[in-house]
Amino acid sequence: ALGDLVSYFKLDLLKILEELVTNEEAVIRKEALNTFSLMLEHVSKDDLVNIVIPAIITINPKKLFTSKLASLDLMVAVYPMCQIKEQQILLNKIVGMIQEESLILRRNLARHMGTIAKYVKKDILLHGFIKQFKNLVIDD
């Protein structure tokens, strides 16, 4: 049933989920992220590249803090499904978040790094990713 909804209403559904995943209320955000993850199972590779990834990268900047948390969670959910080119775009965005001041965002980054590391090429993992992880680990 969800697959049928996604195919007919993917843009509308994505816009609604974008709003819900940036909601201030953690329970709403979590359930929206769960729904988004279920939706990803029914999205074509073309839609992933042309609709989903751009939506994640440009998620509502007006809700600054919650949008960053949501964007991070969504990038981690999408990352394993992506081709190398899209993975690099997402990885650059994730690494950029490491410089953020928010302790909560940095903790979430540290929590997700193991998941992402499973899919990163060995040379990137050894020469860049581990250094970034160390920066997070030694942070207060």
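**Overall architecture and selected helices**

The accessible surface of the protein chain amounts to about 8,300 Å², and carbon and sulfur atoms contribute 58% of this area. The structure described here is a predicted model, and every value reported below was computed from that model. The protein chain contains 7 helices and 0 strands, so that its pattern along the sequence reads α-α-α-α-α-α-α. Of the 140 residues in the protein chain, 38% are buried. Among contacts in the protein chain with a separation of 6 or more, 62% join residues that lie 24 or more positions apart.

Helix H3 comprises residues 45-57. Its 13 residues, at 1.5 Å a residue, should span 18 Å. The C-alpha atoms at the two ends of H3 are 17 Å apart, which agrees with that expectation. Within H3, a kink of about 30° is located at isoleucine 51, shortly before proline 54. The buried residues of H3 are Asp47, Leu48, Val52, Ile53, Ala55 and Ile56.

Proline 54 itself is part of helix H3. With a relative accessibility of 34%, proline 54 is classed as partly exposed, because this value falls between the limits of 20% for buried and 50% for exposed residues. When residues up to four places away in sequence are not counted, proline 54 touches Leu48 and Val49. Proline 54 and glutamate 86 are 32 residues apart along the chain, and their C-alpha atoms are separated by 10.0 Å.

Glutamate 86 also appears in the packing of H3 against helix H5, which covers residues 84-97. The axes of H3 and H5 are 11 Å apart and form an angle of about 5°. H3 is therefore roughly parallel to H5, since angles under 35 degrees are assigned to that class. On the H3 side, Val49, Ile53 and Ile57 take part in the contacts; on the H5 side, the residues they meet are Glu86, Ile89, Leu90 and Lys93. Of these residues, Ile53 is also listed among the buried residues of H3, and Val49 is touched by proline 54.

The loop between H5 and H6 includes isoleucine 98. This residue counts as buried, at 2% relative accessibility. Isoleucine 98 is separated from leucine 109 by 11 residues in sequence, and the distance between their C-alpha atoms is 7.2 Å.

Helix H6 extends over residues 103-117 and contains asparagine 108. Asparagine 108 has a relative accessible area of 15% and is therefore buried, as the cut-off for this class is under 20%. Apart from its neighbours within four places in sequence, asparagine 108 is in contact with Leu69 and Leu72. Isoleucine 116 is likewise placed in helix H6. The relative accessible area of isoleucine 116 is 1%, and this residue is buried. Isoleucine 116 lies 25 residues from leucine 91 along the chain, while the C-alpha atoms of the two residues are separated by 8.6 Å.

Terms used:
Residues are numbered from 1 along each chain as its sequence is written. This is a predicted model: local features need pLDDT of at least 70, side-chain atom pairs count only at pLDDT 80 or more; totals for chains, interfaces and linings use all residues. Side-chain values use heavy atoms; hydrogens and water are left out. Helices (H or I, at least four residues) and strands (E, at least two) are DSSP runs, numbered from the N terminus. Buried means under 20% relative accessible area, exposed over 50%, partly exposed in between (1.4 Å probe, protein chains only). Contact means heavy atoms within 4.5 Å. Accessible areas come from the Shrake-Rupley method with a 1.4 Å probe; for residues, only the protein chains shown count as cover. The expected span of a helix is 1.5 Å times one less than its number of residues. The bend at a residue is the angle between axes fitted to the seven residues ending there and the seven starting there. Axes are lines fitted to C-alpha atoms, for helices over the stretch in contact, and angles run from 0 to 180 degrees between N-to-C directions. Angles under 35 degrees count as roughly parallel, over 145 as roughly antiparallel, 65 to 115 as roughly perpendicular and the rest as oblique.
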